Amino acid sequence: MQGHLLTWATFLPVIGMAVILLIPSGRKDATKIVAAVATGIQLFVTILLFAGFDRSATGMQFVEQYTWIKTFNIQYFMGIDGLSLPLVILTALLSFIGVFASWNTEKSVKGYFALFLLLDAGMMGVFVSLDFFLFYIFWEVMLLPMYFLIGIWGGPRREYAAIKFFLYTFAGSILMLLAMLALYFAVEPHTFNMLTLMQSNYGHTFQIVVFLALFVGFAIKVPIFPFHTWLPLAHVEAPTAVSVILAGVLLKMGTYGLLRISFPILPEGTVWFAVPMAILGVINIIYGAMCAMAQKDIKKLVAYSSINHMGIVLLGMAAMTKAGMSGAIFQMFNHGTITAMLFLSVGVIYDRAHHREIDGFGGLGVKMPIYTGIVAIAFFAGLGLPGFSGFISEAMTFIGAFPVYTTLTILATLGIILNAGYFLWAFQRIFLGELNEKYADIPEINGREIFTLAPLAVIVIFLGVYPMPILNLFTHAVDKLINVLNYGASMAMF
Amino acid sequence: MTTQDNLLSLHFFLPELIIIGTILVVIIADLILKRQHSNRTAYIAFAGTVGAFIALLLEQVAPRALFFQTIAVDPFGTFFKVIFLIAILFVIAISFKTNELNNYRFGEYYSLILIMLLGMFLMASSIDLIMIYLSLELVSITSYILAGYQKNRARSNEAALKYVIYGGVSTGIMLYGFSILFGLTGTTKIAEIHQVLLASNYSPLTLVVAILFILAGFGYKIASVPFHFWSPDVYEGAPTPITALLSVAPKAAGFAVLIRFFNVTLVGSTTPNMGQWFALGSLPWPQILAAISAMTMFLGNLVAIRQDNIKRMLAYSSIAHAGYILMGAVVLNQQGLFAMMYYLFVYLFMNLGAFLVVIIISNTYGTENIEEYRGLGFKVPYLGVIMTIFMFALTGLPPTGGFVAKFYLFSALINAGSQFYWLAVVGIINSVISFYYYARIVKMMFLQDAPEGLEVKKGHPWMTTVLTLLVIPTLLLGVYWESIATFAQNSLKFF
């Protein structure tokens with residue numbers, strides 16, 4: 001097992017799925033337990049990865065490389081570095097938590113957990129693949145379960161949300177396919193190996209064209225304005241656990257793709273497009289915050305806050321400084337944990353009240369003190385209060401971006417103020433003030449729900465105080481990326 | 001050339017001879033068997049097809065021409081013959097248990113299918129204009145009869161009649177094109193036509209007209225725009241096993257003829273090569289084909305969205321697929337042809353599979369209306385999941401063979417240089433559009449609840465087995481496809 005940790009991490013959920021399909025459909029508890037065990041072992045494997053990861057090494061680790069399709073030079077090539085490891089851990093963690101968050105699923109349990117595990121495998125595969133073809137396969141495989149999870153187990157407008165999500169991402173990913181082929185044919189001998197692709201030189205125009213094609217593919221996933229319209233819909237209609245995965249992991253794939261593929265392979269294209277990227281990032285921040293402020297539905301508010309937070313990631317990346325880049329990567333991880341908490345909290349209250357109108361509650365703090373405390377952590381972390389992990393990554397991002405894009409960064413920080421506005425306002429309307437009589441005997445958060453939220457709260461607070469365990473992971477990866485980009489910038493000058 | 005040549009040729013004609021023998025045996029057996037037992041001729045037909053398959057696989061000869069240079073035996077033809085044989089085997093297996101044909105005698109039915117097989121064998125290996133025409137007509141005429149086989153059903157009759165009219169006009173135009181080409185070159189052998197065209201001064205306009213007319217015939221067989229009008233009505237009206245067959249096998253045969261004709265007359269090389277595609281003057285063949293391909297994709301996909309009858313929807317989808325495959329013909333080089341052949345191979349399984357699900361649902365629940373597929377996915381999960389796999393394969397999503405096939409088509413286009421990037425983008429847009437209507441079926445089956453009182457009926461084990469045999473390759477070819485890819489690659493040798 002030692003040599004194939006990444007394969008295990010990726011395919012354990014598939015094994016779990018196969019077992020679930022063999023369980024008779026009446027045995028609901030057995031199905032859930034299998035799902036929990038499969039994701040649990042996967043989480044354990046990623047902890048092994050975290051423990052065994054050599055923080056001083058620069059290259060890829062836990063590498064597995066085999067020939068898959070010889071005639072087209074396609075490889076089964078997996079490996080992780082500091083950039084992918086945090087996301088690998090995040091994926092495993094949120095999948096594990098997601099299983100417990102879906103414990104009360106009633107409608108065809110077997111199908112739900114089978115698809116959930118397939119989704120898990122697809123996400124994990126994306127983060128560990130180093131062969132572009134393999135990466136693409138996982139990227140697409142993940143779409144199918146997501147389509148069904150939203151479409152079958154979602155809210156009232158689930159069908160529309162599912163198809164819109166799918167058409168958007170499918171259009172983006174197939175554009176990515178063309179870019180991938182263009183890269184493949186641009187190097188001799190033809191290869192999909194990302195590391196080899198990074199070491200090759202491409203013409204200036206070629207870099208720009210391919211970068212743009214990839215950018216649209218990734219931008220839809222992030223989502224970057226104006227490709228964001230699928231997001232609020234999908235997030236709102238999806239069941240809680242799926243929203244957690246959507247916001248917590250899927251959005252990261254877009255920014256991960258940019259950092260893993262676009263930036264190092266096409267540095268000139270990146271430098272050429274850096275300013276527009278920063279502008280788009282700021283638009284995301286401000287537009288996301290303003291939309292969030294206008295929402296009546298609390299889940300929609302959280303969804304728009306994701307657009308805002310991903311804008312911060314984009315701004316940090318576009319700055320191409322060490323602080324900015326590290327902040328961006330750290331923000332990816334933090335947004336994953338924080339937004340997961342937010343969606344889980346929304347799920348808790350929705351399960352009890354069966355609606356999500358912010359104005360439909362009031363004074364819940366009296367009846368649900370523990371829940372209120374947890375939501376307070378999530379909201380404060382979400383608005384970037386010092387002491388929580390989100391603050392550190394946002395601060396790093398702005399510090400990194402300020403010297404490069406001064407005006408834009410100032411605008412972005414204004415967006416952050418709006419963040420505080422809508423989170424606090426929503427908190428006030430739901431938990432403070434006079435108790436809404438309708439919810440006089442609303443039950444307090446139960447043990448299972450605390451079990452899903454507590455680990456995330458611990459991580460958010462711990463990393464807010466001592467972020468080094470995660471920051472240590474990617475110092476070398478960031479250095480390397482910045483070197484490549486500096487080289488790209490120098491090339492673009494000529 | 002002596003008459004001996006004909007006799008010597010027979011030795012290399014064994015698979016076809018086995019088919020001919022089987023046809024005769026089926027007809028005689030049908031006379032002997034009682035009417036209610038006539039379905040037993042399926043065993044004979046099946047055994048004969050298997051025999052032809054074995055003979056084909058054992059036949060290891062260098063590429064050569066037979067019968068005074070009218071028929072070629074070469075790896076290219078063999079690849080397509082394998083596709084036809086697999087398709088026919090599945091269609092016989094499906095027809096064996098379908099309810100649609102219960103009131104009719106089966107002997108003629110199976111012998112017609114085998115005659116069609118023979119015609120397709122000849123199509124894939126013709127190297128003479130007359131032979132191309134004859135084999136194409138042999139396939140067409142049997143198709144007309146089979147489409148109208150349910151003679152008491154008005155729609156079936158309508159299908160046959162429309163098919164005859166469109167077919168007659170298209171092949172007539174093609175024949176006219178052939179005659180112009182013969183007038184220009186003085187020969188009917190396609191290899192010689194190439195030589196003459198290279199050497200002599202011909203009027204480019206005349207050649208363009210001739211080739212366009214010939215394209216009418218080929219376009220009709222592969223159902224590309226603007227010769228597609230017959231296909232929705234025929235697909236809807238014909239017995240579903242025949243629809244399934246028409247959507248894969250004659251289409252593949254049409255592509256075989258098209259590839260061979262263009263490759264030999266216009267490129268003229270035993271190993272295709274992009275550079276020579278342009279050798280014959282200023283005629284923009286790739287652009288013409290690219291335009292046809294783009295129009296075919298758009299028309300097929302856009303119209304498919306509006307269909308309520310699943311057979312009609314699949315008919316338009318198969319038009320769209322002809323458009324995708326034509327993308328490979330645009331870059332008439334090794335990669336393009338390889339991609340086309342690989343696509344046709346995968347398409348065989350996924351499209352037959354989709355039709356088989358339609359047949360099963362129509363046999364057990366009596367509906368071909370997409371709206372009435374509501375909730376079937378939860379009621380009959382096995383069928384629902386398999387249909388989903390086929391729909392996603394047809395869209396071209398991993399991990400199915402459909403993705404790999406599309407991947408190869410796109411890679412051929414991208415590799416051909418920036419002049420066809422636009423076509424690749426058109427291909428993308430169309431893939432996205434196509435997902436919309438394929439997903440509609442999935443949506444009906446899974447995302448919507450079944451109507452009250454929908455009775456779950458027991459599936460037929462025979463059909464389920466056949467379905468499984470179709471779904472396995474569809475999935476397997478998406479995970480590991482090296483051996484098939486090598487087979488297709490090695491089949492790129494023309495006589």
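A residue counts as buried if 20 or more other C-beta atoms lie within 10 Å of its own. The exercises below apply this and other terms to a predicted model.

**Exercise 1. Work out what share of the 494 residues in chain A is buried, and compare the radius of gyration of chain A with that of a compact globule.**

Solution. Applying the definition above to chain A, one finds that buried residues make up 61% of its 494 residues. For the second step, a compact globule with 494 residues would have a radius of gyration near 23 Å, and since chain A has 22 Å, the two agree. The C-alpha atoms of the chain, taken along the principal axes, fill a box of roughly 70 × 55 × 40 Å. Within this box chain A has 21 helices and 2 strands, and among its contacts between residues at least 6 apart in sequence, 80% join residues at least 24 apart.

**Exercise 2. Test whether the length of helix α18 of chain A agrees with its number of residues, and then find which of its residues are buried and what covers them.**

Solution. The helix covers residues 406–431, and its 26 residues, at 1.5 Å a residue, should span 38 Å. Its end C-alpha atoms are 38 Å apart, so the expected span and the model agree. The next step is burial: the buried residues of α18(A) include Leu408(A), Ala412(A), Gly415(A), Asn419(A), Tyr422(A), Phe423(A) and Ile430(A). Among the elements that cover these buried residues are α12 (267–294), α13 (298–319) and α17 (389–401) of chain A. Just after the helix, Gly433(A) takes a positive phi of about 80°.

**Exercise 3. Describe the side of chain A that touches chain B, by element and by class of residue.**

Solution. Begin with the count: 24 residues of chain A are in contact with 24 residues of chain B. On the chain A side, the elements that give two or more residues are α5 (132–141), α6 (143–153) and α7 (158–186), and α7(A) gives the most, with 13 residues. Sorted by class, this side has 18 nonpolar, 3 polar and 3 charged residues.

**Exercise 4. Identify the residues that touch the most other members of the largest nonpolar core, and follow the contacts of Ala87(B).**

Solution. This core holds 394 residues, of which Phe84(B), Ala87(B) and Leu356(B) touch the most other members. Helix α14 (residues 334–365) of chain B gives the most to the core, with 23 residues. Leaving aside neighbours within four places in sequence, Ala87(B) is in contact with Leu245(B), Val248(B), Ala249(B), Leu348(B) and Leu352(B).

Technical notes. Residues are numbered from 1 along each chain as its sequence is written. Chains are lettered from A and ligands numbered from 1 in the order in which they are written. This is a predicted model: local features need pLDDT of at least 70, side-chain atom pairs count only at pLDDT 80 or more; totals for chains, interfaces and linings use all residues. Two residues are in contact if their C-beta atoms, placed from the backbone, lie within 7 Å. Helices (H or I, at least four residues) and strands (E, at least two) are DSSP runs, numbered from the N terminus. Ala, Val, Leu, Ile, Met, Phe, Trp, Tyr, Cys and Pro count as nonpolar, Asp, Glu, Lys and Arg as charged, and the others, Gly among them, as polar. A nonpolar core is a set of buried Ala, Val, Leu, Ile, Met, Phe, Trp, Tyr and Cys residues joined through C-beta atoms within 7 Å. A residue is buried if 20 or more other C-beta atoms lie within 10 Å of its own, exposed if 12 or fewer, and partly exposed in between; C-beta atoms are placed from the backbone. The expected span of a helix is 1.5 Å times one less than its number of residues. The radius of gyration is taken over C-alpha atoms; the globule rule is 2.2 Å times the number of residues to the power 0.38.
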